[in-house]
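Reader: Could you give me a close account of the salt bridges in this structure, including where their partners lie and how exposed they are? I should then like to see the surroundings described, from the interior to the surface.

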Amino acid sequence: MESSIGNLEANLPGNGSSSKSKKEPLPAKLNAWVDGKLPDAVDDGEQQIIEAGEAKYHRLGWKGLTVMLIVEAIGLGSLSIPSAFASLGMVAGVICCVGIGLIAIYTSYVIGQVKLAFPAVRDYGDAGALLMGTWGRELFTFMLILQLIFLTGSNCLTGTIALRHITSSGICSVVWSVVSAVILLLLSIPSSFADMAWLGYLDFVSIVAAIGITIIATGIRATDSTGGLAAVDWSATPQGDPTFSDGFIAISNIVFAYTFASCLFSFMDEMHTPKEFTKSIWSLGILQIVIYTVTGATIYAFVGTDVQSPALLSAGTLVSKVAFGIALPVIFISGAICTIVAGRLIHGRIYANSVTKYINTPKGWITWLTVITILTIISWVIAEAIPFFDDLLSITSALFTSGFSFYLPPIMWYVLIRKGPWYSKENLLTSLVNLFVFIFGLVVLVGGLYSSIQDIRLNYREGDVHGAFTCGDV
């Protein structure tokens, strides 16, 4: 398996001009796995395990894919959008929500096209192998696992905030973070995305209801306050002379909200008809743009510059408790999905040439539970080590989303699926679009990381957050 992937670059054209060579599949040894057969001879018992495993992991349709992308994408991101509007102002906030959303739809389309052209690509690590051989595979796999761990850590932190806020108890926040981690672990036990898809509907209803309650509650409070809606201090432009770090953290949090591209390879690998992925990314993309823009604009217009992050905290003490209670499913289900994606990737690498990879044998289940437990513990440590919501999301955006969702897809278009010279009449406009997206991704990487580090240092210096692994407020 390893040697085959190490030679993937042999399938690539030398100058990107041959469409035929670009669409050659991965080596036969990899495609054997896609067909549900081991590359070497197997006995009847193993073949039955393989057939059952392939049936288990290829049940996802485009509607199921949409649900899984919703679970991964529409959650924590929407809770940070109103505070991003407060930093950027109404006009820039709307432009960023719509513009970055359209870019995310395009880059997801590129990723889907790569999957269709190279069917044996099962995750971003395999895409890295196509671009840079074995070294690229290891680098991209490491980055993807880290991103998923950070995402689960973000959900663990949000769960801690939610449970502490709902109970209003003096229990140490570390205890609540442990409770959050345990819930995330239990929800990560199912290994098939199709098995988790039904939870996606609960996830979607949960976040929409929580956002709706927050919008209504903040609107009523603003209307009933002295001066009514006219007295709310929102603005079309940034207020209070925000620093570069403030503005870029806001942009990074919007970028974070469109992070679904990183798992698209993994989700598409379970589809029974992968070519229908376009229905999913358009459905999700438009839904995200509408939800994020409406959420950010309305809550900011109702609360003003004092809007908190997560946004549910702005709804008032009682209502925010209700909203957080309703949002608990999306907080934990979204985090569990990230753990499952990372666990499947690691488990599949460990048992690349064994039927144990299908997680339908005692050995498979034991190692699966071990892997997701370790991943959850690491995520919990990150949540405790970086105990502030906006900066944790911004770091995740800068380090990982900038690449998987923005600057890497243009490279894949140029190297893997481009037909003809980049400067040809048919390709010139697409080439310029990809160049813009590539530059945007690099700007998010550098600017977002710098801004996050600066803001973390400032927060610790001014004592705005509690220390790592302590019992203070989160």
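Author: A salt bridge is counted here when a side-chain nitrogen of Lys or Arg lies within 4 Å of a carboxyl oxygen of Asp or Glu. The model is predicted: local features need pLDDT of at least 70 and side-chain atom pairs count only at pLDDT 80 or more, whereas totals for chains, interfaces and linings use all residues. Residues are numbered from 1 along each chain as its sequence is written, and side-chain values rest on heavy atoms, with hydrogens and water left out.

Under that definition, a search of the whole structure yields three salt bridges. One of them joins D126 and R137, whose closest N and O atoms are 3.4 Å apart. D126 and R137 are both buried, a term that stands for under 20% relative accessible area, with exposed meaning over 50% and partly exposed the range in between (1.4 Å probe, protein chains only).

Another salt bridge pairs R349 with E138, at 2.8 Å between the closest N and O atoms. This pair connects distant parts of the chain, since R349 belongs to helix α14 (residues 317-350) and E138 to helix α8, 211 residues apart. Helices are DSSP runs of H or I with at least four residues and strands are runs of E with at least two, numbered from the N terminus. R349 counts as partly exposed because its relative accessibility is 27%, and E138 is likewise partly exposed, at 34%.

The remaining bridge is formed by the side chains of K279 and E276, with an N to O distance of 3.9 Å. K279 has a relative accessible area of 41% and is therefore partly exposed. E276 is partly exposed too, with 23%.

The setting of these pairs is a protein chain with 17 helices and zero strands. Of its 474 residues, 58% are buried. Contact denotes heavy atoms within 4.5 Å, and among contacts with a separation of 6 or more, 83% are between residues 24 or more positions apart.

Helix α8, which holds E138, also has a part in the interior. A nonpolar core is a set of buried Ala, Val, Leu, Ile, Met, Phe, Trp, Tyr and Cys residues joined through side-chain atoms within 4.5 Å. In the largest such core, which has 115 residues, Y124, I254, Y258 and M412 touch the most other members. Helix α8 (residues 124-167) supplies the largest share of this core, 17 residues. The contacts of I254, apart from neighbours within four places in sequence, are I81, A84, L88, G93, C96, C97 and I100.

Polar side chains in the interior deserve a separate look. T160, also in helix α8, is buried because its relative accessible area is 2%. A polar atom of the T160 side chain lies 2.9 Å from the backbone oxygen of C156; a polar contact is a pair of N or O atoms within 3.5 Å, and within protein one must be able to donate a hydrogen and the other to accept it, while residues adjacent in sequence count only if both atoms are side-chain atoms. K115, in helix α7 (residues 90-117), is buried as well, at 4%. The K115 side chain reaches the backbone oxygen of P119 at 2.7 Å. Beyond neighbours within four places in sequence, K115 contacts V121, R122, F265, M268 and D269.

At the surface, the protein chain exposes about 18100 Å², 67% of it from carbon and sulfur atoms; accessible areas follow the Shrake-Rupley method with a 1.4 Å probe, and for residues only the protein chains shown count as cover. Patches consist of residues with over 30% relative accessible area and no salt bridge, like charges being joined within 9 Å and nonpolar side chains (Val, Leu, Ile, Met, Phe, Trp, Tyr) within 5 Å. A nonpolar patch is formed by Y414, W422, Y423, L428, L432, L435, I439 and V443, which together have about 780 Å² of accessible area. Helix α17 (residues 428-462) contributes the most to this patch, with five residues. I439 lies in helix α17 and is partly exposed because its relative accessible area is 44%.

Two further residues complete the surface view. W282, in helix α13 (residues 277-303), is partly exposed at 48%; its C-alpha is 9.3 Å from that of Y106, although the two are 176 residues apart in sequence. I216, in helix α10 (residues 193-224), counts as exposed because its relative accessible area is 56%.
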